[in-house]
Protein chains: 2
Amino acid sequence: MVTVLRGNIVHTPSFGKLETVPGGYLVLEDGVVKGIFPQLPEEYAGCPTEDWRDRLILPSFADLHLHAPQYPMLGMGMDLPLLDWLNAYTFKTEARFEDTDYARRVYRSLAEELIANGTTRVAMFSSRHTDATLILMEELERAGVTGYVGKVNMDRNSGVAQETTEESLRETLRWLEGCRFQHIKPILTPRFTPSCTNELMAELGRLAAERNLPVQSHLSENAGEIAWVKELHPDREQYWETYEKYGLWKPGTLMAHCVHSDERERAAMAKAGVWAVHCAASNVNICSGTAPVRRMLEEGVSVALGSDIAGGDQLAMSQVVVTSIRASKVKAMETGEPFLTVPEAFYLGTAAGSRYFGGEGFAPGYPLHAMVVDETAFPESARELTLAERFERAVYLMDKSSISAVYSEGRRVK
Amino acid sequence: MVTVLRGNIVHTPSFGKLETVPGGYLVLEDGVVKGIFPQLPEEYAGCPTEDWRDRLILPSFADLHLHAPQYPMLGMGMDLPLLDWLNAYTFKTEARFEDTDYARRVYRSLAEELIANGTTRVAMFSSRHTDATLILMEELERAGVTGYVGKVNMDRNSGVAQETTEESLRETLRWLEGCRFQHIKPILTPRFTPSCTNELMAELGRLAAERNLPVQSHLSENAGEIAWVKELHPDREQYWETYEKYGLWKPGTLMAHCVHSDERERAAMAKAGVWAVHCAASNVNICSGTAPVRRMLEEGVSVALGSDIAGGDQLAMSQVVVTSIRASKVKAMETGEPFLTVPEAFYLGTAAGSRYFGGEGFAPGYPLHAMVVDETAFPESARELTLAERFERAVYLMDKSSISAVYSEGRRVK
């Protein structure tokens with residue numbers, strides 16, 4: 001069935017490119033994009049049309065790194081050093097997800113907030129709890145979020161949140177059996193090298209190969225962590241090699257942060273097709289540093305953005321995009337490399353993420369992920385604005401109250 | 001008349017100090033704070049009480065640097081270099097305020113947005129237009145905002161926004177005659193040294209002395225500007241001396257930015273009682289740098305925060321406080337000096353600004369400036385939180401929808 005969305009269509013078909021179609025038509029067949037047209041082709045005349053009039057139709061956001069069980073601690077403990085923050089907040093908060101009623105309430109609210117803020121694709125860490133993880137997946141599915149969720153594996157150095165190796169593997173299998181969702185799929189999630197024994201890493205690598213499962217973890221977030229990994233794996237030169245050693249470094253592996261990944265580590269990412277997930281707010285909040293995003297892109301590393309809740313304090317990816325621009329300006333002042341422009345950062349927060357899952361923004365042949373932005377609450381401008389200017393203003397000023405509608409995987413979900 | 005506010009009172013009586021009074025009482029006499037009490041003293045029993053129950057009662061924000069006529073361009077042109085941004089957006093947008101109907105609409109909406117976001121005190125730049133400036137003051141007064149507004153003086157290097165020297169002086173006098181507002185007072189506002197002739201600066205200095213008027217301007221925002229000032233005033237060693245030369249460098253003078261003020265310039269500020277207004281978002285957006293806030297404070301310079309709309313993109317001072325924390329963390333990573341904690345940054349965004357106008361947050365003897373924060377839309381926490389934790393979370397997560405009430409100069413205005 002063919003349907004049509006009409007409105008001011010703005011999108012970033014590739015990194016750095018902005019396309020604006022004033023009063024344009026987005027034609028869908030069973031929710032899959034057929035094309036964008038300045039005038040409606042005659043063959044589609046009479047098809048059911050949602051007319052958004054003067055509003056903006058933009059690709060929706062993809063958040064490729066966030067910790068669902070840290071949502072309850074959003075905006076807290078940000079004055080603490082990393083290890084105190086982990087012990088005082090993170091591990092204790094995650095441990096609460098033993099309680100499935102609590103998990104149901106928190107995850108329902110998280111899933112609804114994601115959609116309300118225009119995030120329709122995620123790659124998400126759960127806690128170690130199988131039941132809570134399945135509840136999380138169910139709630140995301142119900143709200144209309146798509147993507148990957150991982151039960152976290154952590155059998156050492158993890159305080160109250162820790163599991164045994166045997167338990168970790170057994171529960172991973174039980175979790176995988178329970179994963180029967182249409183839009184939310186499993187991703188293997190060793191928390192990071194220091195919290196997984198070699199035995200656990202090896203078993204997860206075997207499972208990833210056997211069942212062709214994707215992998216997500218953390219990489220080179222701060223100097224202390226990198227030194228710790230080196231101590232734990234003296235036989236490997238660099239952090240990334242501890243993942244490679246166990247078959248976890250493969251095309252589509254998501255690595256959060258990569259703040260301190262040097263040229264050699266970045267080359268290994270580009271070569272293997274491993275993605276860097278840039279988490280600007282978190283990296284500044286926890287004083288990890290500012291990642292060399294433009295260099296990564298120039299060197300052929302695929303980069304997407306993550307909110308990194310709750311090291312990051314911003315669930316709204318529009319804010320994460322703006323914070324990524326600001327972080328890139330800090331980097332620009334430091335190194336002289338050009339900062340991320342608004343279309344570039346928006347691409348990383350939307351189309352780059354959708355490319356991870358197949359497709360690229362509004363590319364034909366892929367289900368629609370979009371949001372409609374209402375600008376009536378924005379200040380009255382001094383003159384008529386171009387669509388490019390309205391787009392830029394929307395990125396800076398939008399919040400959930402200015403998002404009129406959200407489409408995920410071809411369906412309207414807000 | 002004595003009235004009482006009841007609720008969870010959290011405030012920062014001095015820089016770095018956080019005071020929490022769970023279920024406390026804020027006692028007011030004709031809107032002036034008499035004291036904060038954990039239990040209601042018997043003498044006030046029976047006085048009219050607003051019971052905010054479990055909500056937070058916090059000091060409201062002070063925004064000591066923003067450009068009202070740049071509100072229409074909020075979030076636009078942020079990819080442009082400073083000079084292109086000024087010419088393509090700023091000067092043209094400001095020129096629109098020749099139109100008093102337009103000014104009325106924009107300024108009414110700005111004043112309402114300020115109150116909605118908990119900003120009750122301002123030091124604000126208007127444009128060069130006398131009539132629009134009086135309209136701005138009237139709309140702020142009507143909405144319940146208090147503080148200073150300045151008609152901008154700019155008789156050179158200011159594109160379409162420029163006025164002649166004669167006109168600038170004549171209109172300043174006409175504007176001062178029109179300033180008959182209870183809560184909004186005039187402040188002399190030479191835009192910055194490069195946009196004011198020596199003759200204009202001298203006349204403004206004379207006026208400041210004669211009528212005992214405060215002064216606001218810009219100082220040492222970026223390297224190009226500093227070099228330009230040096231060219232224009234080869235007889236003065238540093239930027240600040242071009243203000244001093246004309247009697248504009250005096251106790252209570254507000255200087256926005258001070259990103260590149262060195263030790264000597266900072267010492268001159270501390271000695272004269274000139275305030276630095278730190279505008280973190282703007283300084284990063286325009287790639288000016290990150291100001292040495294902690295060093296300034298240690299050296300005895302008074303510092304408050306500014307949104308610097310529209311070099312800054314955040315009108316909500318809660319966001320400006322968070323961005324100031326992030327900027328200080330960038331500075332901390334660069335220099336090793338400690339970052340601003342949440343209570344420290346909140347102090348700078350609230351009590352520091354109120355100290356500028358007299359009083360200091362909830363200090364007894366001064367009219368109440370406060371806001372009530374409703375946390376029901378925040379994520380459900382994993383355990384019972386301390387008031388300090390709830391305060392910190394509110395700073396990170398609040399927006400205008402979570403502000404239930406605002407008090408300005410002792411009156412409820414939201």
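Tutor: Helices are DSSP runs of H or I with at least four residues, strands are runs of E with at least two, and both are numbered from the N terminus. With these names, Val301(A) is placed in the loop between α10 (293-298) and β14 of chain A. The model discussed here is predicted.

Student: Why is Val301(A) called buried or exposed, whichever applies?

Tutor: The relative accessibility of Val301(A) is 3%. Buried means under 20%, so Val301(A) counts as buried.

Student: Which residues does Val301(A) touch, leaving out those up to four places away in sequence?

Tutor: Val301(A) has contacts with Arg266(A), Met269(A), Ala270(A), Val274(A), Ala276(A) and Met296(A). A contact requires heavy atoms within 4.5 Å. By C-alpha position, Val301(A) is 17 Å from Glu221(A), and 80 residues separate the two along the chain.

Student: What makes Asp308(A) notable in its backbone, and where does it lie?

Tutor: Asp308(A) is not a glycine, yet its phi is positive, about 45 degrees. Asp308(A) belongs to the loop between β14 and α11 of chain A. Its relative accessible area is 4%; the limit for buried is under 20%, and Asp308(A) is therefore buried.

Student: Why does Asn157(B) fall into its accessibility class?

Tutor: Asn157(B) has a relative accessible area of 40%. Buried is under 20% and exposed is over 50%, so Asn157(B) is partly exposed. Asn157(B) also has a positive phi, of about 50 degrees, although it is not a glycine. Its place is in the loop between β8 (152-153) and α4 (165-178) of chain B.

Student: What kind of peptide bond joins Ile309(A) and Ala310(A)?

Tutor: The bond between Ile309(A) and Ala310(A) is cis, with omega about 5 degrees. Ala310(A) is in the loop between β14 (303-305) and α11 of chain A. In chain B, a cis peptide bond joins Ile309(B) and Ala310(B), again with omega about 5 degrees.

Student: How do you know what relates the two copies?

Tutor: A turn of 180 degrees, with a shift of 0.0 Å along the axis, lays chain A on chain B with an RMSD of 0.0 Å. The copies are thus related as by a two-fold rotation axis. In chain A, Val330(A) has the C-alpha nearest the axis, at 3.9 Å.

Student: Why is it said that the copies meet through the same surface?

Tutor: Of the interface residues of chain A, 100% are also interface residues in chain B, so the surface is the same. Each side is counted separately: 46 residues come from chain A and 46 residues from chain B.

Student: What area is buried between chain A and chain B?

Tutor: About 3,900 Å² is buried, and carbon and sulfur atoms give 57% of that area. On the side of chain A, Asp79(A), Arg326(A) and Glu380(A) lose the most area to chain B, together 17% of what that side buries.

Student: What makes the pair Arg326(A) and Asp313(B) a salt bridge?

Tutor: The nitrogen-to-oxygen distance between their side chains is 2.7 Å. The limit is 4 Å, from a side-chain nitrogen of Lys or Arg to a carboxyl oxygen of Asp or Glu, so the pair qualifies. Four salt bridges are counted between chain A and chain B, and 26 residue pairs are in polar contact, both at pLDDT 80 or more.

Student: Which helices of chain A each supply at least two residues to the side that touches chain B?

Tutor: They are α1 (82-95), α2 (100-116), α9 (280-285), α11 (317-335), α12 (342-349) and α14 (387-397). The largest share, six residues, comes from α11(A). By class, this side of chain A has 24 nonpolar, 11 polar and 11 charged residues.

Note on methods
Residues are numbered from 1 along each chain as its sequence is written. Chains are lettered from A and ligands numbered from 1 in the order in which they are written. This is a predicted model: local features need pLDDT of at least 70, side-chain atom pairs count only at pLDDT 80 or more; totals for chains, interfaces and linings use all residues. Side-chain values use heavy atoms; hydrogens and water are left out. Buried area is the accessible area (1.4 Å probe) that two parts lose on being put together, summed over both. A polar contact is a pair of N or O atoms within 3.5 Å; within protein, one must be able to donate a hydrogen and the other to accept it, and residues adjacent in sequence count only if both atoms are side-chain atoms. Ala, Val, Leu, Ile, Met, Phe, Trp, Tyr, Cys and Pro count as nonpolar, Asp, Glu, Lys and Arg as charged, and the others, Gly among them, as polar. Copies are superposed by least squares on the C-alpha atoms of residues with pLDDT of at least 70 in both. Buried means under 20% relative accessible area, exposed over 50%, partly exposed in between (1.4 Å probe, protein chains only).
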